[in-house]
Structures are given as C-alpha cells and as structure tokens.
Amino acid sequence: IVLSRDIIGGNPLVVHGFRATLSIANLGFVLAIIVIAFATILRIERYELKKTLQRLIIAAVMVNFSLTIAGLFFDATNVFSNFFIEKANPGVGGVFEYGKEMAGALQIQRLFQIKDAGVLGDVANLVTIKQRFEISLLVALILNVLVLIVFASLTIMLLVRYIYLTILIILMPFAWLFWIIPDLENLWSRWWHLFFKWTFFLPAVTFFLYLAM
C-alpha cells in the first residue's frame with residue numbers, strides 16, 4: 001500500500017519518463033499548429049483554426065502542469081486511504097489479526113459453548129467438546145486462509161494499479177496532445193477513464209478493509 005501511494009515522488013521512472021514525453025508532446029503542439037494552419041487554408045472543417053485554437057492553447061499550458069494536477073488527485077486519495085488504514089490497522093498480528101477480529105465479530109466460538117458445566121464429567125460430552133473444539137479450529141483456519149487469499153489478491157491488484165498509473169502518468173502529455181486532434185480525442189477520454197479508475201481504487205480498497213473491521 002505504501003508503494004501504491006507514492007507513485008510520483010518515489011518513482012524515478014515516472015520523473016524521467018514524463019520529462020521525455022513532455023518534450024515530445026511540446027514538439028507535437030508545434031506540429032499541430034502547422035497542421036491546423038494548413039487545414040484552415042484548405043478549408044478542412046474539423047481542423048479549422050476557430051475550432052481547435054482554444055483547445056490548443058489550453059492543452060499547451062495545462063500539459064506543463066499535468067504532473068502537478070495528477071499529484072493533487074493522488075494527495076486527495078491518499079488522505080482518505082490513510083484515514084481508513086489507520087482505522088483498520090490490524091496491529092502486530094498483521095493479516096492474521098484481521099482473521100481474529102472477524103472471527104470475534106462473527107462470534108463463531110458461541111456455537112460450540114456447553115451451557116451446562118455439570119455434564120463435563122460425562123465421557124460422551126467430552127468427546128462432543130473435543131469435536132466442537134476441532135470444528136472451531138477448522139473454521140478459524142479456513143477463515144484465516146480466506147483472509148490471506150483476499151490480501152494476496154489485493155496485493156496483486158495494488159501492484160497492477162502502481163504499474164498502470166506509472167504508464168498513464170508517463171503518457172499524460174500525449175493525452176493532452178490527443179485532446180486537440182478530433183480523430184484522436186477518444187484516446188484522451190480513455191486516458192482519463194483509466195486514470196480515475198485506478199487512482200480511486202486505493203481509497204475504495206482501504207474503505208472496505210475499514211468496513212470489514
């Protein structure tokens with residue numbers, strides 16, 4: 001989770017990769033101006049100056065602040081995820097503590113309690129107590145295994161989130177460039193869809209961990 005939260009500052013691949021794509025995107029804006037100029041001369045309606053100039057100016061300015069904009073989204077989601085993590089902190093026991101807390105919340109042990117203490121001397125009842133104890137241990141083991149499976153799955157998904165957002169941040173200057181090109185505008189929308197999806201995945205996960213506890 002710590003790795004998943006620190007995508008920009010703690011990832012040199014993002015820092016250097018973003019600089020490279022930003023330089024290429026800025027060259028792309030210069031090329032876009034030339035294309036728009038020719039399209040205006042040739043009266044190609046979709047690329048005329050009056051339809052694309054406003055977006056071109058906005059994109060050319062915003063692309064140089066896009067890393068800061070992405071950082072604001074990450075900071076906002078980190079505030080919520082940190083809150084939920086602190087509230088759902090399993091303590092020293094780690095993920096096993098979640099299993100213990102959930103078992104306590106479900107009160108599985110009450111299913112195996114003997115109400116009449118006087119019957120404990122009966123051999124048959126002692127066998128019953130042993131069976132119930134074994135079932136209780138089995139249920140606790142299954143619960144802990146399920147918790148481990150869930151946490152292993154979440155770990156994989158958070159790693160996928162980290163990789164996805166790393167690639168998206170590096171490609172972010174191109175997304176702004178695609179915004180001003182009518183035939184590539186769908187790639188801009190696709191970029192934002194994936195960005196919001198994976199950015200808000202972390203607070204959603206931590207919220208459900210908090211809710212489970």
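Two residues are in contact here when they have heavy atoms within 4.5 Å of each other. Keep that in mind as we walk through this predicted model, where local features need pLDDT of at least 70, side-chain atom pairs count only at pLDDT 80 or more, and totals for chains, interfaces and linings use all residues. Residues are numbered from 1 along each chain as its sequence is written, and side-chain values use heavy atoms, with hydrogens and water left out.

Let's start with Asn11, which sits in the loop between α1 (2–5) and α2. Setting aside neighbours within four places in sequence, Asn11 is in contact with Tyr162 and Thr166. Asn11 and Tyr162 are 151 residues apart along the chain, yet their C-alpha atoms are separated by 9.9 Å. With 7% relative accessibility, Asn11 counts as buried; that word means under 20% relative accessible area, while exposed means over 50% and partly exposed is in between (1.4 Å probe, protein chains only).

Now step back to the whole chain. Its secondary structure comes to eight helices and zero strands; these are DSSP runs numbered from the N terminus, with H or I and at least four residues for a helix, and E and at least two for a strand. Buried residues account for 32% of the 213 residues. Of the contacts between residues at least 6 apart in sequence, 78% join residues at least 24 apart.

Helix α2 (residues 12–41) follows the loop that holds Asn11. Its expected span is 1.5 Å times one less than its number of residues, so its 30 residues should cover 44 Å, and the end C-alpha atoms are indeed 44 Å apart. Among the buried residues of α2 are Val14, Phe18, Leu22, Phe29 and Ile36. After α2 comes Arg43, with a positive phi near 60 degrees.

Next, the aromatics. The whole structure holds 22 aromatic pairs. Rings of Phe, Tyr and Trp (its six-membered ring) pair if their centres lie within 6.5 Å; planes under 30 degrees apart count as stacked, over 60 as edge-to-face and the rest as tilted. Phe74 and Phe195 make a tilted pair, 5.7 Å centre to centre with 50 degrees between the planes. Because Phe74 is in helix α4 (residues 66–87) and Phe195 in helix α7 (residues 185–199), this pair ties together parts 121 residues apart in sequence. Both rings belong to buried residues, Phe74 at 4% relative accessibility and Phe195 at 1%. Trp176 and Trp192 pair edge-to-face, at 6.5 Å centre to centre and 85 degrees between the planes. That pair links helix α6 (residues 123–179), home of Trp176, to α7, home of Trp192. Trp176 and Trp192 are buried too. Ring pairs join these four residues into a cluster that also includes Trp188 and Phe200.

What does Thr199 touch, not counting residues up to four places away in sequence? The list is Phe73, Phe74, Thr77, Arg161 and Leu165. Thr199 lies in helix α7 and is buried, at 0% relative accessibility.

Thr199 also helps α7 meet helix α8 (residues 201–212): Lys197, Trp198 and Thr199 on one side meet Phe201, Leu202 and Pro203 on the other. These residues divide into four nonpolar, one polar and one charged (Ala, Val, Leu, Ile, Met, Phe, Trp, Tyr, Cys and Pro are nonpolar, Asp, Glu, Lys and Arg charged, and the others, Gly among them, polar). The two axes come within 4 Å and cross at roughly 25 degrees; axes are lines fitted to C-alpha atoms, for helices over the stretch in contact, with angles from 0 to 180 degrees between N-to-C directions. The helices are therefore roughly parallel, the term for angles under 35 degrees, with over 145 being roughly antiparallel, 65 to 115 roughly perpendicular and the rest oblique.
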